[in-house]
Amino acid sequence: MSDVPRIVTSAQTGPHEDLLRRVTRGLSHVWRKPLAQHTRDAFDDAEAWRRSQGERGLILDACCGVGLSTRRLAEQFPEHSVIGVDRSADRLSRDHGPLPDNALLVRADLVDFWRLALATGWQPERHYLLYPNPYPKSVQLKHRWHGHPVFPAIVGLGGRLEVRSNWRIYVEEFAAAVTLATGVSAPVEAHDPGVAPMTHFERKYHEHHQPLWRLVATLDHRPQLMPTP
Ligand SMILES: C[S@@+](CC[C@H](N)C(=O)[O-])C[C@H]1O[C@@H](n2cnc3c(N)ncnc32)[C@H](O)[C@@H]1O
């Protein structure tokens, strides 16, 4: 089977026409999906580990896949605690060497994990969302993180949020959603990983000369962005 990563193709030529309506809805409607017990349990373990780390700043690596970025961040920021979260047991179980003491990999559904983190008062200093699934079909807007009802929790956590994708429109939409929710502008820029790609997917895309995009937004901690009953 070919390991050449597919270029994202989509009928969309720019940000989705329904994007702002969906983001506005997420910011104004209480979302009542119950939290799954397995993610509650995984979150409790992560919270116990975080507390055991003392007063270190927190870095969240959401959709961490095989956890390369979690390892890299833990090495780059030895004074921080780094938590990588992914729902794929298969990806998390792949052997990519020992985890640094200041890193933890967690299997959980971020749809629930982010809400628990917000409710528990987590305030990550840095928050990474590297190469999330693009869901490029127009009808899939609600599956992209900025079109998902959990989006207010993502931005409500605050901190330096960095999103990377090989689909420019994904990052443009995310930037527009960040600005609508928080008033913070998040310029979209080309990303060149150079000789040190941070993730497995970044390495594959870069090796196949796909252009990469990113945004960085520095956000206040605003748990009230997530509507509550
Ligand atoms: C395209 S991969 C990118 C992985 C990694 N960041 C990288 O760049 O190599 C997207 C990842 O998002 C994870 N993911 C998607 N939806 C998720 C969810 N609801 N909760 C946790 N992880 C999720 C998938 O399991 C997958 O590992």
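**Helix 1 and helix 5 in a predicted model**

Student: This is a predicted model. Which residues of helix 1 are buried?

Tutor: Helix 1 spans residues 19-28. Its buried residues fall within an arc of 95° seen down the axis, so they line one face. An α-helix has 3.6 residues a turn, so residues three or four places apart point the same way. The buried ones are Leu19, Arg22, Val23 and Gly26.

Student: Which exposed residues sit on the face turned away from the buried side of helix 1?

Tutor: The buried side is covered by elements including helix 6 (151-156) and helix 7 (168-182). The face turned away from it carries Arg21 and Ser28.

Student: Are helix 1 and helix 7 parallel, perpendicular or oblique to each other?

Tutor: Their axes come within 10 Å and cross at roughly 45°. The crossing is right-handed. Angles of 65 to 115 degrees count as roughly perpendicular, and those under 35 as roughly parallel. The two helices are therefore oblique.

Student: How do the residues of the contact of helix 1 with helix 7 divide into nonpolar, polar and charged?

Tutor: Helix 1 brings Leu19, Leu20, Val23, Thr24 and Leu27. Helix 7 brings Glu173, Ala176, Ala177, Leu180 and Ala181. The division is 8 nonpolar, 1 polar and 1 charged.

Student: How many residues of helix 5 are buried?

Tutor: Helix 5 covers residues 110-119 and is mostly covered. Its buried residues include Phe113, Trp114 and Arg115. They pack against helix 2 (37-52), strand 1 (57-62), strand 2 (80-86) and helix 6. The count is 7 of 10.

Student: Which residue just after helix 5 takes a positive phi?

Tutor: Look just past the end of helix 5. The phi there is about 90°. The residue is Gly121.

Definitions and conventions
Residues are numbered from 1 along each chain as its sequence is written. This is a predicted model: local features need pLDDT of at least 70, side-chain atom pairs count only at pLDDT 80 or more; totals for chains, interfaces and linings use all residues. A residue is buried if 20 or more other C-beta atoms lie within 10 Å of its own, exposed if 12 or fewer, and partly exposed in between; C-beta atoms are placed from the backbone. Helices (H or I, at least four residues) and strands (E, at least two) are DSSP runs, numbered from the N terminus. The arc is that of the directions from the helix axis to the C-beta atoms. Two residues are in contact if their C-beta atoms, placed from the backbone, lie within 7 Å. Axes are lines fitted to C-alpha atoms, for helices over the stretch in contact, and angles run from 0 to 180 degrees between N-to-C directions. Angles under 35 degrees count as roughly parallel, over 145 as roughly antiparallel, 65 to 115 as roughly perpendicular and the rest as oblique. A crossing is left-handed if the near helix is turned anticlockwise from the far one by less than a right angle, and right-handed if clockwise. Ala, Val, Leu, Ile, Met, Phe, Trp, Tyr, Cys and Pro count as nonpolar, Asp, Glu, Lys and Arg as charged, and the others, Gly among them, as polar.
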